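Student: Could you pick one part of this structure and take a close look at it with me? I would also like to know how that part fits in with everything around it.

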Amino acid sequence: MYEAGDLSRFAGRFMREWFRPRYELAEFFRQCFIIGYKSFPLVALTGFIMGLVLTMQLRPSLIRYGVESQLPAMVGIAIVREIGPVITALIFAGKIGSSIGAELGSMKVTEQIDAMEVSGTNPFKYLVVTRVAAATLMLPVLVMLGDAISLYGAYLGVNIRGNTSFHLFFTQVINNLAYGDVLPAFIKSFFFGFAVGIIGCYKGYYSQKGTEGVGRSANAAVVIASVMVFVIDLLAVQITDLLGLN
Amino acid sequence: MTNSKIDNVKLGVFVLAGLVVLIALLYLIGRNRNLFGSNFIIKCHFENAQGLMPGNNVRYAGIQAGTVRSVNLLNDTVIEVTMVIEKRMKTFIKKNAVASITTDGLMGNKMIAINPSGLPSGPVEEGDILAVKNTVQTDEMLEVLSHTNNDVALIASELKYTVRRINNSTALWAILNDETLPKNLQQSLANVRQASVQANQLVRDLERMVADTRSGKGMLGAMLTDTSLAQELHRSMEMISTAATNTASLSRELERMAADLRYQADSGHGAVHALFRDSSLVRKINNSLTNIEMGTRAFNENMEALRHNFLFRGYFRKQERKKKNQ
């Protein structure tokens with residue numbers, strides 16, 4: 001409970017520092033490149049595999065019920081609404097949450113953060129705000145690209161045992177999608193990114209007990225961020241349901 | 001170009017690619033929902049929306065034409081469905097087109113199918129209300145199926161009873177076990193076949209007779225076709241009619257005469273009464289007849305005696321010779 005309150009205070013401080021000048025744009029773009037661009041290959045690979053596997057797993061069940069023709073529609077909705085954002089966020093939490101936690105933790109235990117304060121640089125703004133903002137803004141981009149690659153994987157999965165044209169596949173996917181499927185998924189991915197970034201930074205920023213604490217911070221960042229992804233997903237489903245977007 | 005700038009370019013491309021995917025997805029969904037481009041609105045009124053929702057597809061003759069914008073209750077029995085239709089379909093959808101709520105496939109979403117009526121009409125206009133056709137709903141089908149099931153159960157029950165009766169019928173089984181029955185049946189069939197052959201022959205003969213009659217052959221044909229015979233028959237009939245009239249008149253005369261005779265006999269006047277009722281007259285007449293007979297016999301004796309008289313013998317011989325010559 002203490003940690004939850006401390007994390008909330010940390011997040012509140014992030015909000016204040018985010019809007020307060022001076023802006024560390026160079027560091028922000030550098031973090032965007034590292035967090036977003038460099039995560040893309042991993043997200044693309046996992047997304048492609050997820051689309052392919054999901055299609056191949058769904059096919060026998062749909063054939064049993066005689067609705068094989070609905071396979072593109074079902075895969076499309078599943079990827080855009082749930083699997084794309086959640087799987088990308090989990091991969092993101094594993095890669096970025098751990099790296100932020102380890103990086104800030106090592107800086108903390110080697111007193112580099114204290115040295116930045118002594119030198120007059122705001123370490124929170126330079127280290128935390130840039131990383132959390134980059135994670136918050138890059139994850140939705142990764143989710144969109146991951147969705148596209150995942151749908152391509154699904155198209156290949158459909159054509160392993162079937163014969164569906166690319167045009168027909170995407171027409172069927174688009175015909176069965178609505179704004180209520182895309183926008184909630186897109187919006188919740190901002191929250192996923194924020195959760196991964198803020199938890200990684202929090203765990204690293206308050207890392208203790210030397211190098212052992214760094215590893216523990218990185219591990220805790222991944223575990224807590226992954227759990228938070230599911231908690232946010234649960235809340236998002238409830239909210240979209242209340243708004244009638246399901 | 002420094003590494004930092006290259007990284008920024010890569011980041012820009014990466015972010016732009018993500019945004020392009022997002023915008024393309026939103027655009028394609030919006031276009032599919034007819035949110036962009038030129039559209040027009042048409043409506044139709046249903047008694048039952050059957051679960052139709054905003055966003056469901058509208059198809060004209062099986063081609064995607066638009067989407068359902070809203071489903072509103074106008075009153076307790078009328079539901080107004082507003083549809084957004086693509087402008088390019090305007091020339092094809094006629095005012096007398098018929099809309100119905102159907103299902104996309106067996107298990108798909110509800111949709112509105114607009115079909116042409118086949119009659120000439122002008123193109124549909126903005127805000128037009130199309131005629132609707134109520135389709136068979138699943139619950140109605142199940143209700144009919146329930147009735148059919150009951151009927152089938154009843155038929156099966158009665159069939160079971162019938163089969164049981166057949167199984168318990170000794171007479172039927174005796175018939176089925178009778179080995180002579182097939183031969184008898186064959187014989188009967190042969191007889192029937194022969195009878196039918198004879199009947200055919202009879203019919204042919206009758207046809208020939210009718211044909212002959214029509215062509216004027218035979219007496220019946222002559223009667224039917226000869227006009228002079230008909231006139232003669234007519235005349236004969238007239239004569240028969242005249243004779244019948246005379247006969248009737250004669251009959252009346254005879255009746256009157258018989259009545260007079262009966263009157264005379266009953267009243268005691270006239271010759272008839274004397275003839276039938278007066279016994280003394282009858283006796284007198286009998287006596288007179290006896291006297292005449294005796295007189296006649298005496299006359300014959302006289303004539304015989306005269307024949308043997310020499311005065312008249314020549315005359316009688318001459319008469320005998322004349323008879324012989326004749």
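Tutor: Happy to; what follows starts with one helix and then works outward to its surroundings.

This is a predicted model, in which local features need pLDDT of at least 70 and side-chain atom pairs count only at pLDDT 80 or more, while totals for chains, interfaces and linings use all residues. Residues are numbered from 1 along each chain as its sequence is written, with chains lettered from A and ligands numbered from 1 in the order in which they are written.

Our part is helix H6 of chain A, residues 123-161. Helices here are DSSP runs of H or I with at least four residues, strands are runs of E with at least two, and both are numbered from the N terminus. H6(A) has 39 residues, and its first and last C-alpha atoms are 55 Å apart, close to the expected 57 Å. That expectation is 1.5 Å times one less than the number of residues. H6(A) also has a kink of about 25°, centred on A:Val129; the bend at a residue is the angle between axes fitted to the seven residues ending there and the seven starting there.

Is H6(A) enclosed or in the open? Of its 39 residues, 31 are buried, so H6(A) is largely enclosed by the rest of the structure. Buried means 20 or more other C-beta atoms within 10 Å of a residue's own, exposed means 12 or fewer, and partly exposed is in between, with C-beta atoms placed from the backbone.

For one residue up close, take A:Ile149, which lies in H6 of chain A. With 23 other C-beta atoms within 10 Å, A:Ile149 is buried. Beyond its neighbours within four places in sequence, A:Ile149 is in contact with A:Ala44, A:Gly47 and A:Phe48. Contact means that the C-beta atoms of two residues, placed from the backbone, lie within 7 Å. A:Leu52 is 97 residues from A:Ile149 in sequence, while their C-alpha atoms are 10.0 Å apart in space.

Now for the surroundings. The largest nonpolar core has 77 residues; such a core is a set of buried Ala, Val, Leu, Ile, Met, Phe, Trp, Tyr and Cys residues joined through C-beta atoms within 7 Å. Several elements give two or more residues to this core, including H6, helix H3 (40-64) and helix H9 (210-242) of chain A, together with helix H1 (3-32) of chain B. H6(A) supplies the largest share, 21 residues. The members touching the most others are A:Ala195, A:Val196 and A:Ala225. Leaving out residues up to four places away in sequence, A:Ala225 touches A:Ala93, A:Gly97, A:Ala195, A:Val196, A:Ile199 and A:Gly200. Apart from this core lies another one of 20 residues, among them B:Tyr60, B:Val68, B:Ile101 and B:Val124.

Chain A as a whole has 9 helices and 0 strands, and 46% of its 246 residues count as buried. Among its contacts between residues at least 6 apart in sequence, 88% join residues at least 24 apart. In chain B there are 9 helices and 7 strands, and buried residues make up 10% of its 326 residues.

A helix in chain B makes a useful counterpart to our part. Helix H4 of chain B, residues 180-214, has 35 residues and reaches 50 Å from its first C-alpha to its last, close to an expected 51 Å. The number of buried residues in H4(B) is 0, so this helix lies largely in the open. After H4(B) comes B:Gly216, with a positive phi near 95°.

The two chains meet where 17 residues of chain B are in contact with 19 residues of chain A. On the chain B side, these residues divide into 11 nonpolar, 4 polar and 2 charged. Ala, Val, Leu, Ile, Met, Phe, Trp, Tyr, Cys and Pro count as nonpolar, Asp, Glu, Lys and Arg as charged, and the others, Gly among them, as polar.

As for confidence, the predictor gives the complex an ipTM of 0.81 and a pTM of 0.61. The mean pLDDT of chain B is 85, with 98% of its residues at 70 or more; pLDDT is the predictor's confidence in each residue, from 0 to 100.
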